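Colleague: I have a few things to ask about this one before I set anything up. Can you put it on the screen?

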Amino acid sequence: MPLISDRETAAAWDRTHSWHPFTQMRDWCDPSHQPLELVRGEGAYLFDATGRRYLDGNSSIWTNLHGHRHPALDAAVRDQLDRVAHTSYLGTAHPPGSFLARKLSQLWPEDRLPRVFFSDDGSTAIEVALKMAIQFWQLTGHPRRQLFLAFDGAYHGDTIGASSLGGVAAFHDRFARYHFPVQRLRSLADLRALPADVIKQAAAVVIEPLIQGAAGMLLWPSGMLAELRQWCDQTGTLLIADEVMTGFGRTGRMFACEHENVVPDLVALAKGLTGGYLPLAATLATAEIFDAFLGGHEEMRTFFHGHSYTANQLGCAVALASLDLFENGGALGQAQALAHTMTAALAPLAEHPLVHEIRQCGTIAGLELRQTSGEPFDWKLQTGRQVCLTARNHGLLTRAIRDTVVLMPPYCATAEDLALALSALTAALAEI
Ligand SMILES: *Cc1c(COP(=O)(O)O)cnc(C)c1O
């Protein structure tokens, strides 16, 4: 494969042809910028084209769980590849899809979320949940219920429906006139203060349970999720949990909702679903929602939604292998142990004059940087970004959300790996 092993050509063609996500491409294409090309992975580490090693400090944007090139996951992909890579889920079924659907629904108590709808990404899983909610209310005689309630700082993805819910102005405001109706909330108090006529129009509340990711790793007050569930029950509003970041052990439990014994009406899963191997997502639904869609063909109750790669067989196979690591490989215990290791490793940084606050939820940590005065840095300085770019030179790969540096390694990361992350961050903070 001469082309992909030719570094110079690859870098040149990246500059002339690729358009990277969330990236100012003028800076990226500047001749002085040498893009980091990752060519190989092993456990918690990634290697660039020159052979340099980096700790995957944000699990490749929150997706990887068990490390790169995990033997069981690699074998699952290879084994499936020897059968078939992809077949359509429109009008046909396949064993990896059937098994995965059952396993995912059984991860929730008492068969409360028995139905699984597959798609490709977190955004599409949310999109599906929103469309299911709207159609559910239409089918059950409440067509006025079409308003979504979402929180400040929320992030649910970048497709237009998902971005309607987004509460990060920089990402979403430009598209506001194309968004569908959303009532924004800061807190439960705002929710309780909603007038009765607004509540009557509410289709669903959408929340990132326990912790808001893209808002900067902000933790909700303990008990908030359970209270939100109660409010939804009292008002007959659907609860949509976005577990795209928090699912599969990230918070120390299989799902964040478990911490408060909450079962949502719809839940979106993606990122860690395949252990970070392949794009696959799922939207889980209650029997009540599913049943509303049943009827004669001519009644037009069908959920007319699907994607070409819905329930991709390779993705389902590797997701099953990842779930097996939870069932039989101690992955949840590993995540819990990592959370403790992270707390201990991060503690010394709390004393650092530029570290304003460390927020942690399980294996998810955010280090908020501020000036020594306690004032935030001018956002135009891109301090968080500079710190992360500098930390790369010390062997740590991660990204910041504005000035909150994210540390969220794969579950196989050890105390030594975290020590490396800490010394890289400390060095970067000294250099900027
Ligand atoms: C990443 C993320 C999404 C969007 O998922 P994509 O796979 O990037 O489309 C949605 N919600 C949350 C909470 C996320 O962290």
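Colleague: Which element gives the most to the lining of the second largest pocket?

Modeller: Strand 4 does, with 4 residues. Keep in mind that this is a predicted model.

Colleague: What is the volume of that second largest pocket?

Modeller: The second largest pocket comes to about 620 Å³. Its lining has 21 residues, and the closest to the centre are R115, V116, F117, F290 and F303.

Colleague: Which elements give two or more residues to the lining?

Modeller: Strand 4 (115-119), strand 12 (281-285) and helix 13 (287-292).

Colleague: And how does the lining of the second largest pocket split by class?

Modeller: There are 14 nonpolar residues, 6 polar and 1 charged in that lining.

Colleague: Switching to the ligand. Which residues are around it?

Modeller: The shell consists of W62, D121, G122, S123, Y155, H156, G157, E208, D242, V244, M245 and K271. By class, that shell has 4 nonpolar, 4 polar and 4 charged residues.

Colleague: Which residue has a polar side-chain atom 2.6 Å from an oxygen atom of the ligand?

Modeller: That is S123. On the nitrogen side, an N or O atom in the side chain of D242 is 2.6 Å from a nitrogen atom of the ligand. Y155 uses its backbone instead: a polar backbone atom there is 3.4 Å from a ligand nitrogen.

Colleague: How much of the ligand does the protein bury?

Modeller: The protein buries 85% of the 380 Å² that the ligand exposes when taken alone.

Colleague: New topic, the sheet with strand 13. What is the strand order there?

Modeller: The order is 13-14-17-16, in an open sheet of 4 strands with antiparallel pairing.

Colleague: Which strands are at the edges?

Modeller: Strand 13 (355-361) and strand 16 (400-401), each of which pairs on one side only.

Colleague: And how many bridges join strand 14 and strand 17?

Modeller: Strand 14, residues 364-369, and strand 17, residues 404-407, pair over 4 bridges in the antiparallel sense. As a register check, L367 has V405 of strand 17 as its bridge partner.

Colleague: Last thing, backbone angles. What is phi of F22?

Modeller: Phi of F22 is near 50°, so the value is positive in a residue other than glycine. Most residues other than glycine have a negative phi. F22 sits in the loop between helix 2 (7-17) and helix 3 (25-29).

Colleague: What about E110?

Modeller: E110 is not a glycine either, and its phi is positive at about 50°. The loop that holds E110 runs between helix 6 (95-106) and strand 4.

Colleague: Thanks, that covers my list.

How values were computed: Residues numbered from 1 in each chain as written. Predicted model: local features only at pLDDT ≥ 70, side-chain atom pairs only at ≥ 80, totals over all residues. Heavy atoms only, no water. Near = heavy atom within 4 Å. Polar contact = N/O pair within 3.5 Å; in protein donor to acceptor, adjacent residues only side chain to side chain. Areas by Shrake-Rupley, 256 points an atom, 1.4 Å probe, with all protein chains shown as cover. Nonpolar A, V, L, I, M, F, W, Y, C, P; charged D, E, K, R; others polar. 1 Å grid on protein atoms, 1.4 Å probe; cavity = no way out; pocket = protein on both sides within 12 Å on 5 of 7 lines; lining within 4 Å. Points joined across faces, edges and corners; volume = space filled by probe spheres on them. Pairing = 2+ DSSP bridges.
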